[in-house]
Amino acid sequence: MQETLNYINENKQRFVDELFELLRIPSISADPAYKNDVLKCADVCAAHLKNAGADNVEICETKGYPIVFGEKIIDKNLPTVLVYGHYDVQPADPLELWRKPPFEPYIEKTELHPDGAIFARGAADDKGQFFMHLKAFEAMMKTNTLPCNVKFILEGEEEVGSVSLGDFVNENKEKLTCDCILISDTHIYSNEQPTVTTGLRGLSYVEVEVEGPNRDLHSGLYGGAVPNPIHVLSRMIANLIDENGHITIDGFYDNVEVVSDADRAEMNKLKDNPEEFKKSIGLSGIEGEKGYTTLERASIRPTLDCNGIWGGYTGEGAKTVIPSKAFAKISMRLVPYQTPEEITEKFTKYFEKIAPETVKVKVTPHHGGMPYVLQSDTKEFLAAKQAMETAFGKEVLPYRSGGSIPITAMFEKVLGAKSVLMGFGLDSDAIHSPNEHYGLFNFYKGIESIPLFFENYSK
């Protein structure tokens, strides 16, 4: 293993230079205008896999963007690790909030990253993180230390719901046969307190529409005499959560996992600093469901948030209208034993129930995903924990994340394998936001930890 680590240290600058080339490609899957860039990114990923030493590298066509596959089977009697990542990125808007262009990567030191951080769209989500695996694989191949079999799938639609991945996995079960799945698309609690993610929340995402009059109305001629859909929608959304932070939807908590006091105590061993938390996001106060810590609210409890709301006139200047319609997008994060189908149905019934008779409402479901839990006594978790403890030189704790990676439940159902969520970013890396970044320290620690995981898991 020392030989592998030496190779990594000798090639650190090249690894960063190659990552920069990848980050310069605006592989935005949500915008058709960037189709050629997404396809180009798939080609570049395939080239990196080949150069690192993978066999049978393919760019597999799907109904959407292609999936890049590669493998190295050294002995069919040894375990096989399937590495997952995604090469597509979020749109960079709003562009004016970026300090420099989002697809021109640069390194800058910050308070949390005194060694420097790579700033660019996709730096942490997920190009910087999946690229660690390619470079760790290269290091093991160049030093002849790969201890088990490895397969790679890199998709180009994660940021739009992984719409083609399920079909691909179902149609290629034999090709993707593995003993465990390794994913780096999550974060650690902090550089001082590294963690392995043992849980993810699920997701139910809906769009709602409230319709009032049959056209936009003059607010002088009609104001005060007719329902304003924006007002109605605002009241309805406000009534979805009560003063104790409790979601009011009928039956919303029926199937919520009850986390034991012992597990809650273990979770709260992580150093929760409310003042640092508020400072990091520019708030003077925090709120949430009564009876739970900030850590618990953001991980083991379900949530409901309005992600966007619009209607009427929003252009320059003034236009005095009562809009015909108002809209909002709402996401609900789910915990074990809740399902997106169940929660979407309960939301729809409740939203229709609380709507006044003066308006019509419509609920349109979008994508969803199941929650996921990896127990902290499994060989997959222990292999990751020990690898990161060796790399960081610190105790590594289990950590439940508030985010969602719906594919983890699908992988387990179809392939019968557990996913190890060994991410290395920080929650302050501004993923999906302007000035996304990824610490050089974290990038290198990831490359160092991955070969150790392979060694531990093989044993």
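These legends walk through several close-up views of a predicted model.

Residues are numbered from 1 along each chain as its sequence is written. In this predicted model, local features need pLDDT of at least 70 and side-chain atom pairs count only at pLDDT 80 or more, while totals for chains, interfaces and linings use all residues; side-chain values use heavy atoms, with hydrogens and water left out.

**View 1. The second largest pocket and its lining.**
Here is a space of about 490 Å³. A pocket is an open set of points on a 1 Å grid over the protein atoms alone, where a 1.4 Å probe fits, with protein on both sides within 12 Å along at least five of seven lines. Grid points are joined across faces, edges and corners, and the volume is the space filled by probe spheres set on the points. Its lining has 20 residues, each with an atom within 4 Å of a point. Thr198, Asp263, Val373, Gln375 and Arg400 lie nearest the centre. Helix H8 (261-267), strand E15 (372-373) and strand E16 (397-400) are the elements that give two or more residues to this lining. Helices (H or I, at least four residues) and strands (E, at least two) are DSSP runs, numbered from the N terminus. By class, the lining has eleven nonpolar, five polar and four charged residues. Ala, Val, Leu, Ile, Met, Phe, Trp, Tyr, Cys and Pro count as nonpolar, Asp, Glu, Lys and Arg as charged, and the others, Gly among them, as polar.

**View 2. Tyr189 and Tyr399, an edge-to-face pair.**
The structure holds 13 aromatic pairs. Rings of Phe, Tyr and Trp (its six-membered ring) pair if their centres lie within 6.5 Å; planes under 30 degrees apart count as stacked, over 60 as edge-to-face and the rest as tilted. For Tyr189 and Tyr399, the centres are 5.7 Å apart and the planes meet at 70°. Tyr189 sits in the loop between strand E7 (180-183) and strand E8 (195-200), and Tyr399 in strand E16, so the pair ties together parts 210 residues apart in sequence. Tyr399 is buried, at 11% relative accessible area. Buried means under 20%, exposed over 50% and partly exposed in between (1.4 Å probe, protein chains only).

**View 3. Phe347 and Phe351, a stacked pair in helix H11.**
These two rings are 5.3 Å apart, centre to centre, with 15° between their planes. Phe347 and Phe351 are four residues apart in helix H11 (residues 340-354), about one helical turn. An α-helix has 3.6 residues a turn, so residues three or four places apart point the same way. Both Phe347 and Phe351 are buried.

**View 4. Helix H14, largely enclosed.**
Helix H14 (residues 440-458) has 19 residues and should span 27 Å at 1.5 Å a residue; its end C-alpha atoms are 28 Å apart, which agrees. The expected span is 1.5 Å times one less than the number of residues. Of the 19 residues of H14, 16 are buried, so the rest of the structure largely encloses this helix. Ring pairs also link Phe392, Phe424 and Phe441 into a cluster.

**View 5. Two lysines over tyrosine rings.**
Lys12 lies over the face of Tyr444, at 4.6 Å from the ring centre. Lys100 lies over the face of Tyr106, at 4.3 Å from the ring centre. A charge sits over a ring if NZ of Lys or CZ of Arg is within 6 Å of the ring centre and within 35 degrees of the ring normal.

**View 6. Backbone features in loops.**
Most residues other than glycine have a negative phi, and most peptide bonds are trans. The bond from Asp93 to Pro94 is cis, with omega near -5°, and Pro94 lies in the loop between strand E3 (80-86) and strand E4 (106-108). Asp125 and Asp126 are also joined by a cis peptide bond, with omega about 0°. Asn144, not a glycine, has a positive phi of about 55°; it is found in the loop between H4 (127-142) and strand E6 (149-155) and is exposed, at 72% relative accessibility.

**View 7. The loop between strand E17 (418-421) and strand E18 (437-439).**
In this loop, His432 has a positive phi near 70° and is partly exposed, with a relative accessible area of 41%. Asp427 shares the loop between E17 and E18 and is exposed at 54%. Asp427 and His187 are 240 residues apart in sequence, yet 6.2 Å apart, C-alpha to C-alpha.
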